[in-house]
Structure formats: structure tokens, C-alpha cells
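This report describes the overall dimensions, sheet topology and local backbone features of a single protein chain. The sequence and the coordinates are shown first.

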Amino acid sequence: MRLNTRFADRPWLLPLLLWVFLLVMAAIRPLGLPDEGRYAEIGRWMVQSGDWLTPRLNGSPFFHKPPYLYWLEASTISLFGTHILTARLAPVLHGGLMLGMLYVMVQRIAGVDLARRASLMLGTSLAFLVGGQYVNHDMVVASWISAAIWCFAWAIDGRERPHTGWALAGYAACGLGIMTKGLIGLALPGLVLLIWLIWTRQVHKLLTLPWLRGLLIFGAIVVPWFALAEKSSPGMLNYLFGTQQFQRFTGTTFNNVHPWWFYWVGLLGMLCPWAFFAAYQALKPGSTRPQEPDGAPVLSRNWLLLCAIWLVAILTFFSIPKSKLIGYALPVMPPLAVLAAVGYERAWGHKRWSPKAFAALCVLAIALALATHVAGTRYTERKSSQDIASALACAWQPGDKIHVAGGYPYDLPYYAQIQEPFILIQDWVTIRKTAGDDWRREIFEGVDFDPRAQQSLQQPTALDTAVSQAGQWLVQPNSTPVPAGWRLKQQGRVWSLYGSALERPEAAEHKGLAGCNDQRHK
């Protein structure tokens with residue numbers, strides 16, 4: 001009874017505990033491939049190189065996305081060291097931002113009970129407990145898109161003149177959204193809010209927003225990096241916005257092709273089992289004002305419309321491209337959770353057994369997230385290069401060259417904390433003409449912005465020379481035939497480490513990584 005009283009007095013406590021649970025889960029899973037290995041390493045490389053202007057992958061410029069995520073990673077790595085959790089703190093913190101904003105806003109527009117229910121639905125979901133710890137841009141940009149919509153809507157709805165402070169926060173959220181993943185940080189909040197304002201006959205209030213101050217805040221966030229990066233790497237703006245955004249949205253040659261209904265089905269899993277109550281609300285809407293026992297409305301028609309428009313507009317937008325990734329649906333999780341909470345109140349809220357049923361469904365949702373977490377961990381371990389990283393880190397010395405052939409182990413640089421780019425062995429002349437949407441294109445398109453990085457791309461004949469020199473290493477998949485003269489040093493599940501025929505008499509002591517003495521005497 002005392003525990004129940006404590007939660008009743010502090011309705012924000014359970015959502016906070018769910019965020020702490022997310023933090024713990026983020027600390028105990030290896031880096032997923034390819035995204036987590038790629039993006040974690042870009043942040044680490046910023047710290048190592050001291051270059052916070054140009055994101056780099058294997059030393060080559062990487063302008064697929066703006067740098068906000070990488071800056072956060074570099075900051076946490078600088079403060080706390082190179083660990084799995086420091087790479088994941090950025091999405092975890094932004095998952096907390098999404099959950100916190102949901103609770104605060106729903107409490108304001110509908111009361112504590114619905115806010116607690118909606119935040120627990122989001123906080124126990126796969127979208128939060130799995131998507132909130134994944135190192136890529138999706139949760140980060142989703143949190144800023146959500147924040148922008150909440151801030152502008154709260155600033156406008158039911159007021160003769162918009163609230164200046166909340167509106168300015170909305171401009172800032174749009175700027176941070178653009179700095180995370182480009183134009184969708186502005187386009188998606190703008191799309192949702194414009195449709196909603198037209199539908200609710202409030203569009204005239206756009207004229208009374210604090211445009212001058214808002215655009216100054218927005219510009220202060222967005223303009224400096226884009227201007228400096230374009231000056232440093234001419235053509236960057238065209239590549240980021242033209243190739244990586246417009247062409248990916250309209251093109252048909254990119255990976256992850258799925259049918260138009262992909263996201264609508266995916267929502268059932270991302271917010272399972274709560275999404276079914278949102279479906280109930282949609283298919284059997286009844287009154288648009290669900291009622292408390294005393295008859296007071298808990299959610300107005302305008303806010304229900306906002307949530308519905310928010311959900312449909314963004315999913316329709318992302319359903320247009322042929323290429324689809326489930327993480328793109330994260331911006332619609334807050335309104336979906338609100339609709340699910342409303343649907344639950346209407347379907348089961350009046351039942352005597354409702355609290356026990358809700359608790360049981362929370363346990364079920366968390367169990368599903370844990371099962372997914374375990375399955376993802378096992379899958380990643382079968383693909384990871386972590387099992388050879390310690391051997392490489394302990395053997396590598398400044399001046400050594402690490403050649404990689406037959407693929408690219410995205411997570412190896414982060415685990416081994418290597419301080420030089422890998423020498424990537426491929427038939428690059430042919431690959432430039434034939435490569436699809438894969439790691440090789442990421443690398444050679446980056447090299448085009450910095451010709452000095454060209455030295456990291458070499459033909460297969462480079463191995464014939466390297467094998468007779470000291471301080472040369474080769475990493476390649478186990479399935480790839482071993483070039484003559486290379487000696488096996490460590491074989492992992494997927495990748496193997498080889499040394500050149502001419503070895504140093506003794507490797508220098510390693511830079512503080514654990515386990516090197518054991519590796520040394522194997």
C-alpha cells in the first residue's frame with residue numbers, strides 16, 4: 001500500500017524508472033551493425049582527431065547527416081571515455097526527452113491520469129526500450145520533431161495570441177532537428193501543424209508568431225555549421241540535401257525497399273500491445289471527449305485531432321519513398337501513445353479489473369522488449385568483430401598499418417580504439433562504377449571531399465608489398481582466402497586478424513586497455 005501511495009503521489013516516478021531501465025539496457029548490449037558501429041566511431045574520431053567540423057568515417061568525410069549526434073557522442077566520450085554506454089547516451093537522453101515531453105504536455109492538456117497512462121505505454125514499448133538506446137539519428141530527431149509540435153501547439157491552441165516562450169522553444173527544436181537529420185526536422189513539424197491549424201480554423205494565428213526572434217534563434221543554431229562546412233568542403237550542401245535527402249526520398253535504387261503499408265504494420269510491434277487500443281479509438285471513436293468519472297473532459301477535440309493528424313501525416317510522408325526503415329516511424333510514437341491511452345480509457349478504463357489488466361500489459365510489453373534485446377544481442381555477437389578487437393588493440397603500435405579486405409568491420413575501430421584509418425583493400429577502380437548503396441560508396445564518396453584520404457583506398461596488390469614489412473596487419477572475413485605470407489594471430493566468429501611475415505621483436509606496452517598482458521603471451 002505504501003508503494004502504491006508513493007507512485008500515486010509521484011506519478012512521474014514510474015516513467016523515470018523506465019528511463020533508468022533504458023539506461024541500464026543500453027550499457028550491456030554490443031554495438032549493432034552497421035549503424036551503431038558507424039555512428040559511434042564517427043563520434044570517437046572527432047575526439048581523437050580534434051576535428052569537430054567534418055564528420056569522418058575511416059578518416060574520410062561523411063556528410064550523410066549533420067553533426068549534432070556526433071557532437072553529443074564526442075562530448076560524452078571526452079567526459080567519460082570510450083565505452084558502449086558513452087556512445088549510446090545521446091539517444092538515451094533524447095528518449096528521455098520524448099518521454100518527459102509527452103508526460104508534461106499531456107498533463108497540461110488532459111490531466112495527470114492520462115499523462116501517466118500514455119507515458120507508461122510509451123515507456124514500456126519497443127519503440128522506447130529498444131529504439132531509445134540505438135546509436136543512430138532516429139530517436140534524436142524524433143524527440144526534436146515531437147518537441148517542436150508540442151511547443152507550437154501549446155503556444156497556439158486556445159489563445160488569442162501565441163505564447164512567446166513556447167513558440168521560441170518550438171523554433172529551437174526545429175533548428176536542433178535540422179542539425180540532427182536535415183530538412184525533416186523542420187518539414188515534418190511544419191506539415192503536421194499546418195494541416196492541424198487549417199483543420200481547426202486557427203491558421204490565422206501563424207501571422208502572430210514571434211517570427212523575427214524565432215528565426216534568429218533558428219538561424220543561430222543552423223547556419224554556422226552549414227556555412228563553415230560548405231566553405232571547408234565545397235559541394236557538401238548539394239551532397240547532403242541533394243543526394244542524401246532528396247534523391248533518397250525520390251529514388252528507387254537504395255536499400256530497404258518495403259511496400260507502402262510497412263510502417264502501419266510496424267506500429268503494432270513498436271507500441272505492442274498498446275497500439276491495439278489506438279486502433280480501437282480509431283475504428284470506434286464514439287465521443288471525441290472521453291470523460292472522467294465526474295464528467296469532466298480529459299482531452300479536447302483539437303488535441304485529439306492534432307494526435308491523429310500527427311500520426312497520419314508523418315506516416316504518409318515516410319510511406320512515399322521506396323526505401324523504408326522502421327526507426328523513421330519514431331516521431332509518431334507520442335501521439336500514438338496518447339491515442340492508445342484514450343482508447344484504453346474508453347474500452348477498459350471503467351472496468352473494476354482495469355488497473356490489474358494495465359499492470360499485466362506493462363509487464364508483457366517489458367518482457368517483449370527484453371526478449372528483443374536478448375535476441376538482438378545474440379545476433380550482433382554473431383556478426384561482431386569485438387572478439388578480435390582486443391588482440392588488435394594490444395598488438396598495434398603507432399606507425400603500424402592495418403589493412404582490411406573483403407568487407408568493412410564497422411565496430412572494430414571503436415572497440416580497438418585505433419588511431420589511424422584502415423587501409424581498405426578493394427578493386428576501387430571497378431567499385432566506383434558498380435558499387436550499390438553500401439559501405440564502399442560511403443567511403444569513396446567521402447574521399448571525393450578530401451583527396452588526402454585517398455591513400456586509405458588501395459588495390460589488392462598492396463598486400464603483396466605489405467606482407468614483407470614489419471608492423472603490417474590484415475583483417476578480413478574468415479571466409480576469404482588468406483593471401484600468401486600472412487600469419488594468423490586471432491580468429492573470431494566472423495573476422496580474423498593476421499600479421500605480416502616480418503614481425504617486430506616485441507610489441508610495446510598497450511595504452512591502458514584491459515587484457516593486453518594476456519593477449520601478449522598467447
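## Charge, surface and overall form

In this predicted model, the protein chain carries 45 positive and 31 negative charges, whose mean positions lie 9 Å apart. The accessible surface of the chain is about 22900 Å², and carbon and sulfur atoms contribute 62% of that area. Of the 522 residues, 54% count as buried.

The secondary structure consists of 23 helices and 8 strands. The radius of gyration is 25 Å, close to the 24 Å given by the globule rule for 522 residues, so the chain is as compact as a globular protein of that length. Along the principal axes, the C-alpha atoms occupy a box of roughly 85 × 55 × 40 Å. Among contacts with a separation of 6 or more, 73% are between residues 24 or more positions apart.

## The open sheet

Six strands form an open sheet in the order β5-β4-β3-β6-β8-β7, and the pairing is mixed. Strands β5 (457-458) and β7 (487-491) stand at the edges with a single partner strand each, so one side of each has no neighbour in the sheet.

Both kinds of pairing can be illustrated. Strands β3 (residues 401-405) and β4 (residues 423-425) run parallel and are joined by 3 bridges; within this pair, Val 404 has Leu 424 of β4 as its bridge partner. Strand β7 runs antiparallel to β8 (residues 495-499), to which 4 bridges join it. Gln 491 is partnered there by Ser 496 of β8, and a hairpin connects β7 to β8 through 3 residues.

## Backbone features in loops

Two peptide bonds preceding proline are cis, and two non-glycine residues have a positive phi, as listed below.

| Site | Backbone feature | Loop between |
|---|---|---|
| Leu 33 to Pro 34 | cis, omega near 0° | α2 (13-26) and α3 (35-49), for Pro 34 |
| Cys 272 to Pro 273 | cis, omega near 0° | α13 (262-270) and α14 (275-283), for Pro 273 |
| Arg 201 | positive phi of about 60° | α10 (184-199) and α11 (211-232) |
| Gln 417 | positive phi of about 55° | α19 (412-416) and β4 |

How do the two residues with positive phi stand with respect to accessibility, exposed or partly exposed? Arg 201 has a relative accessibility of 73% and therefore counts as exposed, the cut-off being over 50%. Gln 417, with a relative accessible area of 23%, is partly exposed. The loop that holds Gln 417 leads from α19 to β4, the strand that is paired with β3 in the sheet.

Notes. Residues numbered from 1 in each chain as written. Predicted model: local features only at pLDDT ≥ 70, side-chain atom pairs only at ≥ 80, totals over all residues. Heavy atoms only, no water. Pairing = 2+ DSSP bridges. Helix = DSSP H or I, 4+ residues; strand = E, 2+ residues; numbered from the N terminus. Rg over C-alpha atoms; globule rule 2.2 N^0.38 Å. Buried < 20%, exposed > 50% of the residue type's maximum accessible area, 1.4 Å probe, protein only. Contact = heavy atoms within 4.5 Å. Areas by Shrake-Rupley, 256 points an atom, 1.4 Å probe, with all protein chains shown as cover. Lys, Arg positive; Asp, Glu negative; His and termini not counted. Charge placed at Lys NZ, Arg CZ, Asp CG, Glu CD.
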